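Visitor: I should like to understand how the terms applied to a protein model are justified. Please explain them with the structure in view.

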Amino acid sequence: RLRKLIENGFFDKNKIDTVFVFGGTNDGWANAPLGEVKYSDWEENDLFSVLPAISYYFNLLKETLPQAKIYCLINKYIKPEIVSCFKDVCERCNITPITFETIDIRCGHPTVQGMTDIKDGVLKVLNK
């Protein structure tokens, strides 16, 4: 989706100064192939594995929006390998990670309280 937005000129037409990314949950649940983390020289086939796709996505996002403040929301219920990749990419790309102590869920999805937990976690970081 990011590449399509770039191709369609979305970022040329719209001033984006803040981005929140909350991903990786469905990849983990679906047991998508993890692959190996790569920080450059991605090939299209790499993007079908979670770890190189995460790195590619955040690098492309930073390249596209170099002045934007980017936050990576890290779900506490995802595979440790994905959490580790998110944290490493955040450090390498100067992206602010937001990790959650708790997110109330039911059937794998945030409840109303879970959405409040997410909001509170984001605001805690934004208000620092």
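**Terms and their grounds**

Visitor: Why is Cys72 called buried?
Guide: Buried means under 20% relative accessible area, exposed over 50%, and partly exposed in between, with a 1.4 Å probe and protein chains only. Cys72 has 1% relative accessibility, so Cys72 counts as buried. This is a predicted model, in which local features need pLDDT of at least 70 and side-chain atom pairs count only at pLDDT 80 or more, while totals for chains, interfaces and linings use all residues. Residues are numbered from 1 along each chain as its sequence is written, and side-chain values use heavy atoms, leaving out hydrogens and water.

Visitor: Why is Cys85 called buried?
Guide: The relative accessible area of Cys85 is 2%, and therefore Cys85 is buried.

Visitor: How do you know that Cys85 forms no bond with the closest cysteine sulfur?
Guide: A disulfide is a pair of cysteine sulfur atoms within 2.5 Å. The closest cysteine sulfur to that of Cys85 is in Cys72, 9.1 Å away, which is too far for a bond.

Visitor: How many disulfides are there by this rule?
Guide: The count is 0 disulfides. Cys72 is in none, the nearest cysteine sulfur being that of Cys90, 4.0 Å away.

Visitor: What makes β1 and β2 a pair?
Guide: Strands are DSSP runs of E with at least two residues, numbered from the N terminus, and two strands pair if DSSP finds at least two bridges between them. β1 and β2 (residues 69-74) have 5 bridges, so they pair, in the parallel sense. Within β2, Cys72 is the bridge partner of Val21.

Terms used
Helices (H or I, at least four residues) and strands (E, at least two) are DSSP runs, numbered from the N terminus.
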